Amino acid sequence: MLTREEELEVLLHITERINAGLVLDEVMDYAYGALKQALPYDRIGFSLLENGGRRLRARWSRSEAREMKIVKGYAASMEGSSLEHILRTGRPRVLNDLVAYLKDHPSSDSTQRIVAEGMRSSLTCPLVALGKPIGFIFFSSLKPNTYRDVHVRLFQEIAGQLALTAEKGRLYEQLVELNDQKNKFLGIAAHDLRSPITVIRGYAELLEEGVLGETSPAQKEPLQAIVRHCSKMLVLINDLLDVSTIESGRLDLRLKKVDLGVFLQEIHKTNSLLAQAKATELVLEMPPELPVLWIDPERIEQVINNLITNALKFSNPHTQIILKAVCLEAAVAISVADQGQGIPAAELPQLFAFFSKTSVRPTGGETSTGLGLAIVKRLVEAHGGVVWVDSQRGKGSTFTFTLPLTPPEGNRGLAQP
């Protein structure tokens with residue numbers, strides 16, 4: 001038997017690990033092995049109340065018996081059961097002879113099952129979290145009289161810690177479910193908004209261009225404003241759709257063999273026109289030969305376009321933006337460097353978080369959703385790469401990401417010839 005000091009030391013180590021956990025099954029799997037240092041048992045069952053406390057459902061169990069008769073999902077009514085008294089008093093119950101108890105309570109299905117497993121004694125502790133009963137933890141032994149001389153207080157302390165973990169896990173599961181619902185709603189809303197806004201922009205462009213009839217100079221200005229604002233909304237909607245896809249775990253890469261040199265030249269050509277519109281020069285620097293990579297070209301183009309657009313947004317006229325590629329040992333590093341305002345060091349850690357914006361203002365009054373860099377990070381990581389930023393106030397910023405020479409294992413099955 002452990003001394004009280006030894007028990008407390010064991011309890012401290014176990015509770016530290018328990019408190020760090022969020023997923024109940026993982027916590028209980030750890031606790032089952034760790035608690036054997038201080039407590040006698042051959043089986044532990046963990047059950048939670050539901051339906052306003054009217055039913056008890058087995059949530060987790062583990063046993064040394066050859067076959068478990070009470071497993072996850074088993075449920076029983078609380079009404080008229082002996083567990084009601086334990087819940088009312090808040091005190092543990094010790095049964096040192098389950099066979100004898102079953103003779104006195106032959107209608108108890110749970111006792112029949114636990115005896116059929118081979119258990120001969122048990123200790124039941126109520127679980128209370130934040131002052132509210134939430135269920136029970138059952139310790140059982142293959143031998144009778146196992147709990148005749150044990151320190152019940154230690155069982156209660158363990159039960160208290162596990163009750164808090166169970167409640168924390170329940171709240172975490174609810175948050176995950178709510179987050180999934182939010183992502184579904186976000187995706188549906190953004191998808192349903194994209195079509196009508198695209199139609200509005202299309203008709204406004206036709207009116208502006210005179211395809212549907214001649215328009216006056218006074219009419220053209222509001223039509224241009226409609227087109228401009230519709231375009232901004234479509235950018236936001238597309239970003240929200242990407243966020244919804246990423247957050248819900250539905251991001252699938254369509255990998256193809258891509259000649260990186262040709263790929264970067266095409267991106268440079270397209271974005272050079274945007275740079276010229278802001279009196280800025282986009283320069284491409286890369287070695288004569290770059291490898292062929294397995295990437296999703298649309299997603300990586302999205303990454304590079306986003307970085308170039310950001311660089312343009314925060315650059316002054318008559319400066320350079322450099323798109324550069326460098327071969328590393330097992331990857332290619334692609335960077336976009338500007339000569340803009342730079343980002344305060346204190347704001348760099350949150351730069352790739354969703355809806356994160358810096359205090360630096362765009363030089364042309366452009367708007368930002370705060371989603372672009374967060375999407376960039378997720379797309380790069382999905383390819384097995386990493387992204388980072390080096391920035392100095394007054395000198396500019398360099399955003400760099402890597403693409404591995406071989407595709408990530410989880411995405412090879414999606415490769416397209």
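In this predicted model, lysine 69 pairs up with glutamate 67 in a salt bridge whose closest N and O atoms sit 3.5 Å apart. Neither partner is fully tucked away: lysine 69 is partly exposed at 29% relative accessible area, and glutamate 67 is partly exposed too, at 49%. The count of salt bridges comes to 7. Another of them joins lysine 72 to aspartate 25, with 4.0 Å between the closest N and O atoms. Here the pair ties together distant parts of the chain, since lysine 72 belongs to the loop between S2 and strand S3 (75–77) while aspartate 25 is in helix H2 (residues 24–34), 47 residues apart. Lysine 72 is exposed, with a relative accessible area of 53%, whereas aspartate 25 comes out as partly exposed at 24%. Arg59 joins in as well, and Asp25, Arg59 and Lys72 make up a network of salt bridges.

Helix H10 holds a salt bridge of its own, between the side chains of lysine 377 and glutamate 381, at 2.6 Å from N to O. About one helical turn separates these two residues, because they are 4 residues apart in H10. Lysine 377 is partly exposed at 25% relative accessibility, and glutamate 381 is likewise partly exposed, at 40%.

The loop leading into H10 is worth a look. Running between strand S11 (331–337) and helix H10 (372–382), this loop contains threonine 358. With a relative accessibility of 16%, threonine 358 falls under the 20% cut-off and so counts as buried. Beyond its near neighbours in sequence, threonine 358 touches Ile343, Glu347 and Leu351. A polar atom of the threonine 358 side chain also lies 3.3 Å from the backbone nitrogen of valine 360. Alanine 353 is in the loop between S11 and H10 too, but at 25% relative accessibility it is partly exposed. Leucine 371 is 18 residues from alanine 353 in sequence, yet the C-alpha atoms of the two are 7.7 Å apart. Setting aside residues up to four places away, alanine 353 makes contact with Gly370 and Ala374.

Two loop residues stand out for their backbone geometry. Most residues other than glycine have a negative phi. Asparagine 51, however, has a positive phi, near 55 degrees; this residue is in the loop between strand S1 (43–50) and strand S2 (55–63) and is partly exposed at 42% relative accessibility. Alanine 279 also has a positive phi near 55 degrees. The loop that carries alanine 279 connects helix H8 (260–277) with strand S8 (281–285), and alanine 279 is partly exposed at 34%.

On the surface, Val199, Tyr203, Leu206, Leu207, Val211 and Leu212 form a nonpolar patch of about 530 Å². One of these residues, leucine 212, lies in the loop between helix H6 (152–209) and helix H7 (217–247).

As for the chain as a whole, there are 10 helices and 13 strands. Of the 417 residues, 42% are buried. The exposed area is about 22,600 Å², with carbon and sulfur atoms supplying 54% of it. Among contacts with a separation of 6 or more, 65% involve residues 24 or more positions apart. Mean pLDDT is 84, and 89% of the residues reach 70 or more. The stretch 412–417 has pLDDT below 50, although it makes 13 contacts in the model beyond near neighbours in sequence. Where pLDDT is low, the predicted coordinates should not be read in detail.

Conventions: Residues are numbered from 1 along each chain as its sequence is written. This is a predicted model: local features need pLDDT of at least 70, side-chain atom pairs count only at pLDDT 80 or more; totals for chains, interfaces and linings use all residues. Side-chain values use heavy atoms; hydrogens and water are left out. Patches are made of residues with over 30% relative accessible area and no salt bridge: like charges are joined within 9 Å, nonpolar side chains (Val, Leu, Ile, Met, Phe, Trp, Tyr) within 5 Å. Accessible areas come from the Shrake-Rupley method with a 1.4 Å probe; for residues, only the protein chains shown count as cover. Buried means under 20% relative accessible area, exposed over 50%, partly exposed in between (1.4 Å probe, protein chains only). Contact means heavy atoms within 4.5 Å. A polar contact is a pair of N or O atoms within 3.5 Å; within protein, one must be able to donate a hydrogen and the other to accept it, and residues adjacent in sequence count only if both atoms are side-chain atoms. pLDDT is the predictor's confidence in each residue, from 0 to 100.
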